[in-house]
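Here is a short note for a colleague who has not seen this structure before. The points take the two ligands in turn and then the cysteines.

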Amino acid sequence: MSSSYGEVYTSWRDNPEGFWMEQAAAIDWFTKPETAFEPDLGAYGKWFPDGVTNTCHNCLDRHVAAGRGEQAAIIYDSPITGAKRTISYTAMLAEVEAFAGALSDKGVGKGDRVVIYMPMVPEAVVAMLACARLGAIHSVVFGGFAATELATRIEDSHAKLIVTASCGIEPGRIIAYKPLLDAAIEHSHHKPEATIVFQRQEHRCDLIEGRDFDYAALIEANAGRKTPCTPVLATDPLYVLYTSGTTGQPKGVVRDNGGHMAALHWSMHAIYDVKPGEVFWAASDIGWVVGHSYIVYAPLLHGNTTILFEGKPVGTPDAGTFWRVISEHKVAALFTAPTAFRAIRKEDPQGSLVKDYDMSGFRALFLAGERADPDTIQWAERILDVPVIDHWWQTETGWTIAGNPMGLGLLPVKYGSPAVPMPGYDVQVLDDAGHPVSSGTLGNIVVKLPLPPGCLPTLWNAEDRFRDAYLMEFPGYYKTADAGFIDEDGYLFIMARTDDIINVAGHRLSTGGMEEAVSGHPDVVECAVIGIADAMKGQIPAGFIVINNGHGRSDDDVEKEVVKLVRDQIGPVAAFKTVMVVKRLPKTRSGKILRATMQKIADGQDWKMPATIDDPGILDEIAEVLAERGIKTKSD
Ligand code: COA
Ligand code: AMP
């Protein structure tokens, strides 16, 4: 008999260690853990400290051994190139073993870092799993980041080797990766020993003799090679994934092996309600945490078939592409960001393209990565006629903090809320002084320590930063940096970030990082970047710059140069296209820029003149500049 959410949450609360030991029993161990949790290790304790395992074994070998070898592990569907390929568990294992052999010949072993800078191709997943097989730590960098961002990650991780592709493909343009990679290596003080390049037929690149190696040639040379799985401690890192922090220096979120597997495996049946053998699709990118957890690791750990989709929700070729993939590959559940649905709705407001496809096997849509607005959820419910489930989590946690667990029986939906905390998370709301607030009152959302398995134990090479950023402000709790409230039924509502992170098309970006790039322009004296509401992307960045007039260039020219600077330094994914020259920035008397008030004005929300403002007239000037650009504003 299956248990309900309430029973399962209570069973976790009553015996957290027993609960997670039970989940850990669902994966294979070389040495089974005897201790569930050791509070004295690391910043807040570690899960399964005496367990020895290997994540690649659990994703591939054990399924092949259990007779799942002929089942598709990956269906690669690339409407942007026209390519489609189905790769069985057996074939995937063979390619991963060959590539792991090639990596170890290049000196990659347990604990070494490997940067993977690749588009959505199966070879990227092979590279991730080959690292896991060797106990090496991968760090995947999203293709939409510029060379400088890539360099920061190579440098911080001290990558021994880089795996890349000759190009990525965006609608209407080919992005040559090699020049970006070469520039990043040039820029980084740390130099990797070698790079391995997967040559795509859409655009081949030149290889540097002695440093760059051809992926296909290595696979061929190592075909049939058996490369064993390296035993690792459950607490050893599986990967580092960099995410935006409050400065230009990204945070290297560390994920371990054992806790990660136990939590993700549990999530596949309890939250997503899929059975081994079914097809699961996360329409994201392997460069983001959703891609790590739900394109690669969770579906493979659970014996599902995962879809690797290289395309966009619209324009590749049309707004029916998601429905085509769902019907063609018999997808049981789809996970994506609300933005994708807003984009589809804009193109096909009635959702009429759904009718062209057989969606009978499709059971649920899951949304995360940004706030899911009720309007979008209700539209998706109408056109798809399946449950549409919002759930809230972060790169740091790696899996759901709060959601509506379909596998445990759906709870009533409250639009605007990602529902209730998952087992493992004791979510509370505190005021700025650290006191609990009453239900319905807005405050800082925190999670009582310890965090459950799967969540970050630390930041790469930055334990102090980890403590400072997440653990210090509210002792005994993990700070999510989201603000919100819990209602009288225990449902969470996520309202805003408490730091300078913005969410652009489900992509997490730091306005502080953008300000650092903008200030690099020689004519910019001062700047502020804020996130403003956007009907499709949720938020987009908008920059305000004060410039010196000494160089005799027009405002227009400087604005264009600043846009280019951010694109070159952070990458196109920043979607930084709106920048405005202003005479002055609004500040408090102590010199703090009033970003929150500027944002309210830009979003057309009610706002109050801050009592501490230095010169109230400046806010009117800001409102005028915004109105000139057609950005909706509201005066005091
Ligand atoms: N490599 C290189 N460039 C990339 C890239 C990649 N992997 N991904 C995006 N970019 C570029 C885009 O081409 C675009 O460039 P442009 O300014 O020249 O047009 C820019 O980065 C912004 O990209 P994006 O935010 O994706 O906007 P878009 O207008 O191209 O597409 C959506 C809008 C809604 C279709 C798209 O954001 C989407 O599919 N979102 C789904 C949500 C998602 O995957 N979220 C991830 C976390 S779950
Ligand atoms: P990322 O680390 O990129 O996954 O971004 C995490 C942040 O995205 C969270 O801290 C939230 O601010 C936001 N977020 C993610 N999912 C949701 C959701 N379902 N509702 C509201 N905000 C969300």
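1. A polar contact is here a pair of N or O atoms within 3.5 Å. The model is predicted, and the distances below were computed from it.

2. Ligand 2 has a charged side chain at one of its oxygen atoms: an N or O atom in the side chain of Arg497 is 2.7 Å from an oxygen atom of the ligand. Asp482 also takes part, with a polar side-chain atom 2.6 Å from an oxygen atom of ligand 2. The backbone contributes as well, since a polar backbone atom of Glu370 is 3.5 Å from a nitrogen atom of ligand 2. Of the 490 Å² of accessible area that ligand 2 has on its own, the protein covers 92%.

3. Which residues come closest to ligand 2? They are Asp390, Thr395, Asp482, Arg497 and Arg508, out of 14 residues that surround the ligand. By class, the shell around ligand 2 holds 6 charged, 5 polar and 3 nonpolar residues.

4. Ligand 1 is surrounded by 25 residues, and Glu170, Pro313, Lys537, Arg567 and Lys577 come nearest. The shell around ligand 1 divides into 13 nonpolar, 6 polar and 6 charged residues.

5. The polar contacts of ligand 1 involve both side chains and backbone. A polar side-chain atom of Glu170 lies 2.5 Å from an oxygen atom of ligand 1, and an N or O atom in the side chain of Lys577 is 2.7 Å from an oxygen atom of ligand 1. From the backbone, an N or O atom of Val573 lies 3.4 Å from an oxygen atom of this ligand. The protein covers 84% of the 930 Å² of accessible area that ligand 1 has on its own.

6. Where does the shell around ligand 1 come from? Strand S10 (173-176) and helix H12 (338-347) are the elements that give two or more residues to it. H12 supplies the largest share, 3 residues. At the level of domains, domain 1 (5-311 + 391-483) and domain 2 (508-628) each give at least three residues to the shell around ligand 1.

7. How many disulfides does a search of the whole structure find? The count is 0. Cys131 cannot be bonded because its sulfur is 10 Å from the closest cysteine sulfur, in Cys56, which is too far for a bond. Cys131 is buried, with a relative accessible area of 0%. Cys455 is in no disulfide either, and the nearest cysteine sulfur, that of Cys59, is 18 Å away. Cys455 is also buried, with a relative accessible area of 3%.

Definitions and conventions
Residues are numbered from 1 along each chain as its sequence is written. Chains are lettered from A and ligands numbered from 1 in the order in which they are written. This is a predicted model: local features need pLDDT of at least 70, side-chain atom pairs count only at pLDDT 80 or more; totals for chains, interfaces and linings use all residues. Side-chain values use heavy atoms; hydrogens and water are left out. A residue is near a molecule or strand if one of its heavy atoms lies within 4 Å of it. A polar contact is a pair of N or O atoms within 3.5 Å; within protein, one must be able to donate a hydrogen and the other to accept it, and residues adjacent in sequence count only if both atoms are side-chain atoms. Accessible areas come from the Shrake-Rupley method with a 1.4 Å probe; for residues, only the protein chains shown count as cover. Ala, Val, Leu, Ile, Met, Phe, Trp, Tyr, Cys and Pro count as nonpolar, Asp, Glu, Lys and Arg as charged, and the others, Gly among them, as polar. Helices (H or I, at least four residues) and strands (E, at least two) are DSSP runs, numbered from the N terminus. Domain bounds come from an automatic or database domain assignment. A disulfide is a pair of cysteine sulfur atoms within 2.5 Å. Buried means under 20% relative accessible area, exposed over 50%, partly exposed in between (1.4 Å probe, protein chains only).
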